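The exercises below concern the structure shown next. Please attempt each task before reading its solution.

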Amino acid sequence: MPNDLDSFLFRFVLEYLQRKGYKGAADALKSESKAEISEHFHNPSLDIDDHVRNFLEIFLNVREEEKSLSEDYAKVYRWIDGCLEVVRVELGQLAYPLLVYLFLDLIRRERYEESQKLLDDWASKFSEQSVREELFSLKGVRKREQLNENLVAQLYLKHRKDVFVSQYAFELLCDFLVEHRLTCVFRCLMEHFHIRIEKVSQVEFSEDLKHSIGFFPFRESEELRKNDVRWKPLKESDYIVQTSSLESSTPLESTMTDKEDVQPSIPLPKYPLGAAVLETEDDKMRRVSLGVESPPSALMYTFSNTYDEMNCLDISFDGSVIVAGFSDSFIRFWDGKECGQYRLIGGKPLIGHSGSVYSVSLSPCGRFFLSSSEDGTIRLWSTKLERDLVVYKGHLFPVWSVEFSPLSHYFISGGHDRLGRLWTTDRIFPLRLFGGHYSDVEVMRWHPNCCYVASGSSDRSSRLWDLRDGNSVRLFGPHTASVCSMAFSNDGKKLVVGLENGQIEFWDIAQGRRYSRVEGHKGPVWCLDVSKDDIFFASGSSDCFVHLWNVTALDHSLQSTVSKDQLLVKSFQTKDSAVYCTRFSRKNLLLVAGAAL
Amino acid sequence: MAYEYANNNNNNEEEQVVAEPEDAKAVANILKAVGVESFDTRVVAQLVEFVYKYIGEVLELSKTFAEYAQREEIRTDDVKLAISSLLSKSFTQPPSRDILLELCRERNAVPLPPVETYVGIQLPSKEFQLTTRNYQLKTTRENLSMEQDTTGNTSLEDSQQQE
């Protein structure tokens, strides 16, 4: 008996080594052993556990060259389709990743024709945009050497796919695979997937699972959810220099402040009362109070004759200055105080960049602005001097987004090099690098308490970054398309994300979960802004609409997709102009700007 | 604006029918395979030119490698080496994720500098601003002759002292 077991195991190991291509090890094993090796190998008649024997039998009896993976996959796909509803939802999330991993396995084993056939047969079954893009990229992989260069392949090979199933569904699947001897599929499952047995199916995941989605690091997202996020707004004493008369009252206040109040995590500039950066008393007194019964009306600036070259717009916090960046590297700005609010004239072109300008951001005081461009630089401009002052070089690739901090002094930028950067206006090198996205960073936004920044990327995820150490504290996703715009609510609790397919998602920062997703627009949502009292937020898009949504209804909603009617309060339709910028001024007036193409 | 890809043969019936070069056909097929449905003929011509130039560069470089190894003929290893060395020069891509994360770790370890109270905006030191004077004044001829008599300093040094 022991001898049989030894020789059996020996042959098993030898076959395994030969099959995997480890010729050196196989030869070494052969030369070291003195026993004879028989080429043919039939069922061993051993007294081992039946289960183990079946398992080994399956592994040994399969000769890969005769099996067609495409047919195997077809069997699995059809079986999943034919399952019970509950099981189908859970196992449906396997269908697309399994296709990708089988394809990659075929490429690794150099069975190129089969791999192409597999993709050709099955790629059409998946219609989600993100999935189609990934499949398109994978189609280009024809040789094993190309695997290293293909980004999608690398993403899938380096990370194991997390699959959430219940015990019952998983056992069903295993039984099916063993019964039909689909060993390649089974082996692929074991190697590339990380099966997580969940007892209670989570509502959120079931919504995501209905559609196949591209790559998303679920595990990282879960781990990050354990972090604490301090989302409350700052106290005024953190950024306003207190005069002596107020100091006597602060000891009283400080004893009453609860421990949950946020301490600023980065050194913040302090301003004396009356600085242009801060809100004035006038702003607070004259703030228009909005409500569902009294929604705001919008003032729209339409730019004509832009020939589709205007890339970005920004409106100042008091609504008087508008800046626009163009594809011919010019920047124009209009100061409403000089030329009157209703008809902007002037707009001298400011020359400085050497590539299209993709993003502009005005400082809170309205006298300076930043612009980011395709040439990889960010420039600081002065509206009074009408020229650029400083060049910030760090990104060597197009910079898609730049934003001044609400307290000035700092600014953030994100670009094609997949990094977000934190800068101060007085240093030409960045202070913090935010790396973690798998694709370009499209949008960067400040949190109202200046402790965090959010970045949205074209890898269909958004992240929240802690400024003190540059680490990611939250991972929001998966979105259904790449991120076009983001906005934080003024109380710091919610993050609104506008996507390229017109959907808008609402996320709870503290818990890292999505409140809901709305089919907002028919085109990419280019801009979002929240009103100062956190009741409304406005979204503008290329479908010529500005929608006003009531955000307060979300706090009590448990569904993951709220219908449009429940949230939408008012819609403004422009004649023919895509909306590039929406801004609620400090007095709660809604200002909108767009281009009539 | 995209034009439909027009086959020359259909339009110019009176002129001599010129066969499309095979390279152009290959490039057109590549474009279709990538998903580009309609493209101008000039695009194909430009791409063919680019392909020629690139292949020429690669082969030249691989010839240099083969000569360095004292071989007459070019082997696939030479070509592979040539391709990878040209990759870093011409087709730059953002660095890989591991390098990026390493960079981030290094940079984020430095604590943030403190901020003073100020009004307006703080600019970096003069040498990094775009409004600084990036020229020097030449002194006039009179000054030049006077200085040469007395001190023997060059005018350049003088103007620097004046700053």
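**Exercise 1. Establish how many salt bridges the rule gives over all chains, and examine one that links distant parts of chain A.**

Solution. The model is a predicted one. Over all chains, the rule yields a count of 19 salt bridges. One pair consists of A:D314 and A:R583, whose side chains meet at 2.7 Å, N to O. To place the partners, note that A:D314 belongs to strand β4 (residues 310–315) of chain A, while A:R583 belongs to strand β28 (residues 577–584) of chain A. The two residues are 269 residues apart, and the pair thereby links distant parts of the chain. Finally, both A:D314 and A:R583 are buried.

**Exercise 2. Determine which strands the salt bridge of A:R445 and A:E403 ties together, and classify each partner as buried, partly exposed or exposed.**

Solution. The side chains of A:R445 and A:E403 form a salt bridge at 4.0 Å, N to O. A:R445 is in strand β16 (residues 441–446) of chain A and A:E403 is in strand β12 (residues 399–404) of chain A, so the salt bridge ties together parts that are 42 residues apart in sequence. For the classification, the cut-off for buried is under 20% relative accessible area. A:E403 has 19% relative accessibility and therefore counts as buried. A:R445, with a relative accessible area of 24%, is partly exposed.

**Exercise 3. Apply the classification to the salt bridge of B:R42 and B:D40, then name a network of salt bridges in chain A.**

Solution. In chain B, the side chains of B:R42 and B:D40 meet at 2.9 Å, N to O. B:R42 has a relative accessible area of 59%, so this residue is exposed. B:D40 stands at 19% relative accessibility and is therefore buried. As for the network, A:D105, A:R108 and A:E191 are joined into one by salt bridges that share partners.

**Exercise 4. Describe the interface of chain A and chain B by its contacts, its buried area and the residues of chain A.**

Solution. Begin with the contacts: 44 residues of chain A touch 33 residues of chain B. Next, the two chains bury about 3300 Å² between them, with 65% of this area on carbon and sulfur atoms. Of the area that chain A buries against chain B, 16% is supplied by A:R418, A:R432 and A:L433, more than by any other three residues. Across this interface the rule finds zero salt bridges, but eight residue pairs are in polar contact. On the side of chain A that touches chain B, the largest share, five residues, comes from β11(A). The residues of that side comprise 26 nonpolar, seven polar and eleven charged.

Definitions and conventions: Residues numbered from 1 in each chain as written. Chains lettered and ligands numbered in written order. Predicted model: local features only at pLDDT ≥ 70, side-chain atom pairs only at ≥ 80, totals over all residues. Heavy atoms only, no water. Contact = heavy atoms within 4.5 Å. Buried area = accessible area lost by both parts, 1.4 Å probe. Polar contact = N/O pair within 3.5 Å; in protein donor to acceptor, adjacent residues only side chain to side chain. Helix = DSSP H or I, 4+ residues; strand = E, 2+ residues; numbered from the N terminus. Nonpolar A, V, L, I, M, F, W, Y, C, P; charged D, E, K, R; others polar. Buried < 20%, exposed > 50% of the residue type's maximum accessible area, 1.4 Å probe, protein only.
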